[in-house]
Amino acid sequence: MNLGQFGDLAGGIGLFLLGMHLMTNGMKQAAGQGLKRTLQTATSSPLKGLLAGILITALVQSSSAVTVATIGFVNAGLLRLRQSITVIYGCNIGTTMTGWLVALIGFKLKISAFALPLVGLGMLINLSAGENRRGHFGMALAGFGLFFIGLDFLKGAFDGLEQQLPLEQISHAPAGLILFVVAGFILTFLMQSSSAAMAITLSLTAAGAIPLPSAGALVIGANLGTTSTAMLSVIGATSNAKRIAAAHVLFNLLTGIVGLLILFLLAGFAPSQNESANLVVLLAAFHTLFNLMGVVLMWPLTDRLEQFLQRRFRSQEEQLSQPRYLDDTVLASPALAIEAMSRELSRVSEMTSAMARAAISAEPSEVAKLKAWTTSLQGLNDQIGRYNQKIALANLTEEISAALPVAMRISRYYSEIARLSALMPKYYPIFEQITDHSLQKLLYEYQHATIELIDSCEIHPQVDSSGLDSRRLIQQMEKQYQILKSHVMESSIAGRINPQEGIELLEGLSHIHRLSGQVEKASRYWSSLTPIQPREPIAEAG
């Protein structure tokens, strides 16, 4: 390849990528919120998710852009995992439209006859319309023209390349197809555009520089290369976003295997290289075929894929929200099922106790976790509630029937403890602003008493002991609460704290008071949950 050909190649790739960039950004801006609305409608059914992926990718001409947008929506909680997976399927079909554009227009028509006028018309629309939808559409139109001008340079750069590079010999090597798959992946990774890799492959094929099976292997590699963008975009993202990226990788691996099998099966039936016009159409058809076959194979397995992915990339929050003891296999024995539920509730007790201690003591290292803990506990309590309903369907003794509403009551108390704990950081600033030393002392003693109550009421199934008298503690705390309230009101009247601070301080104290009441109630009702093996709070404060 001489210097002129290398310049044409570099310039052609640059113009092609610039055209793709302008076309993709222009269409995204022109569509505005339409893309978001279209993606969100994908949550209504898997089929709509597939169609949305196809149509949006065909519109913006970038599967990477749509994939990253989908991951972003999943990250923000706007799309569910199941429907997002089908959007990814659609992206892989939609991206094959680029190959058809190149094959049916780029190699069939005289590019200079329409590409340059498109650039001129697009820029005219953009300049006259400005930064509105019509202006963005004009930019997309100009990008469309540059797309084909870049393709024309690529075609010229590859003329006679087969005489300078031993591509034919590589094609017939034992691992030739695999080498071309790797080359396609690297091309896409470096340019971050499977469309550019596809255009290079079609140009090589049209110039007769590469046999059809090797070109097909390059297309498979380019298809796999699109996963690199998805993987880069989920660094530091949520677990669901990582699952979508994993679904993209798994789907593309499957389609790659399908494509290679088709190549091996049809290698002996490849048409003559002299029929270059037909070869590029066949290559575009091959790209569409193996992606469609991938969807056909994966569609019935999507539920299993979702279940598989749900078990992967778990965050600490999701790990905590998974029950350890609620096993459906013991539902046949209600006594054992009650035992399993009581063990799960004791685990919830440990989690809420840790959360409440952190909230009351304002431990800096734990405060940031309060919201995540609340979400985990809500999920865990929901599953305890559903398990409770399953137990109720069995033929129960009077003793076990009586335990079920008690379990629900205890679960509700723990949910309320978690909610109140998550609200406590709101009051930290007002607690820190107190300058009245006597008030500071009373508040410290009240917080310390609350933590002592939490410690004494935490449930440990292994411990069978009478424990501290939680009712005595709560009565003592009630007196402290009333004294503290009176002192706050007196300080406010005396001007030692301003009225607004007094109101906020009373509100914060009310939260602590309610939280301690929920802690004591959960402990009190616990002993009646499992009448066969009654459990008590721990023996002494931790």
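Here is a friendly back-and-forth about how the terms used for this predicted model are backed by its values.

Me: What should I keep in mind about numbering and confidence before we start?
Reply: Residues are numbered from 1 along each chain as its sequence is written, and side-chain values use heavy atoms, with hydrogens and water left out. The model is predicted, so local features need pLDDT of at least 70 and side-chain atom pairs count only at pLDDT 80 or more, while totals for chains, interfaces and linings use all residues.

Me: How many helices and strands does the chain have?
Reply: There are 25 helices and zero strands. Helices (H or I, at least four residues) and strands (E, at least two) are DSSP runs, numbered from the N terminus.

Me: What makes Tyr89 buried or exposed?
Reply: Buried means under 20% relative accessible area, exposed over 50%, and partly exposed in between (1.4 Å probe, protein chains only). Tyr89 has a relative accessible area of 1%, so Tyr89 is buried. Across the chain, 50% of the 542 residues count as buried.

Me: And which class does Trp299 fall into?
Reply: Trp299 has a relative accessible area of 29%, so Trp299 is partly exposed.

Me: Why is the pairing of Tyr89 and Trp299 called stacked, edge-to-face or tilted?
Reply: Rings of Phe, Tyr and Trp (its six-membered ring) pair if their centres lie within 6.5 Å; planes under 30 degrees apart count as stacked, over 60 as edge-to-face and the rest as tilted. Tyr89 and Trp299 are 6.3 Å apart centre to centre with 55 degrees between the planes, and that makes the pair tilted. Tyr89 sits in helix 5 (residues 81–94) and Trp299 in the loop between helix 15 (276–298) and helix 16 (302–310), so the pair ties together parts 210 residues apart in sequence. Tyr89 and Trp299 also belong to one aromatic cluster with Phe251, and the structure holds five aromatic pairs.

Me: How do you know what kind of pair Tyr413 and Tyr525 form?
Reply: Their ring centres are 5.9 Å apart and their planes stand at 45 degrees, so this pair is tilted. Tyr413 is in helix 21 and Tyr525 in helix 25, 112 residues apart, so the pair links distant parts of the chain. Tyr413 counts as buried at 3% relative accessibility, whereas Tyr525, at 25%, is partly exposed.

Me: What makes a group of residues a nonpolar core?
Reply: A nonpolar core is a set of buried Ala, Val, Leu, Ile, Met, Phe, Trp, Tyr and Cys residues joined through side-chain atoms within 4.5 Å. The largest one here has 61 residues, and Met341 and Ile391 touch the most other members. Several helices each supply at least two residues, including helix 18 (334–361), helix 20 (370–392) and helix 24 (470–494). Helix 18 gives the most, with twelve residues. A second, separate core of 43 residues includes Met23, Leu204, Leu263 and Val280.

Me: Which residues does Ile391 touch?
Reply: Contact means heavy atoms within 4.5 Å. Not counting residues up to four places away in sequence, Ile391 touches Leu331, Ala337, Ile338, Met341, Leu396 and Leu404.

Me: How do you know that the length of helix 24 fits its number of residues?
Reply: The expected span of a helix is 1.5 Å times one less than its number of residues. For the 25 residues of helix 24 that gives 36 Å, and the end C-alpha atoms are 36 Å apart, which agrees. Buried residues of helix 24 include Leu473, Ile474 and Met477, and what covers the buried residues includes helix 23 and helix 25. Just after helix 24, Gly495 takes a positive phi of about 85 degrees.

Me: Where does Ser516 lie, and what does Ser516 touch?
Reply: Ser516 lies in helix 25 and counts as buried at 1% relative accessibility. Leaving out residues up to four places away in sequence, Ser516 touches Tyr446, Thr450, Leu453, Ile474 and Met477.

Me: Why are helix 11 and helix 12 called roughly parallel or roughly antiparallel?
Reply: Axes are lines fitted to C-alpha atoms, for helices over the stretch in contact, and angles run from 0 to 180 degrees between N-to-C directions. Angles under 35 degrees count as roughly parallel, over 145 as roughly antiparallel, 65 to 115 as roughly perpendicular and the rest as oblique. Helix 11 (residues 194–206) and helix 12 (residues 212–225) pack at about 175 degrees, with their axes 9 Å apart. That angle makes helix 11 roughly antiparallel to helix 12.
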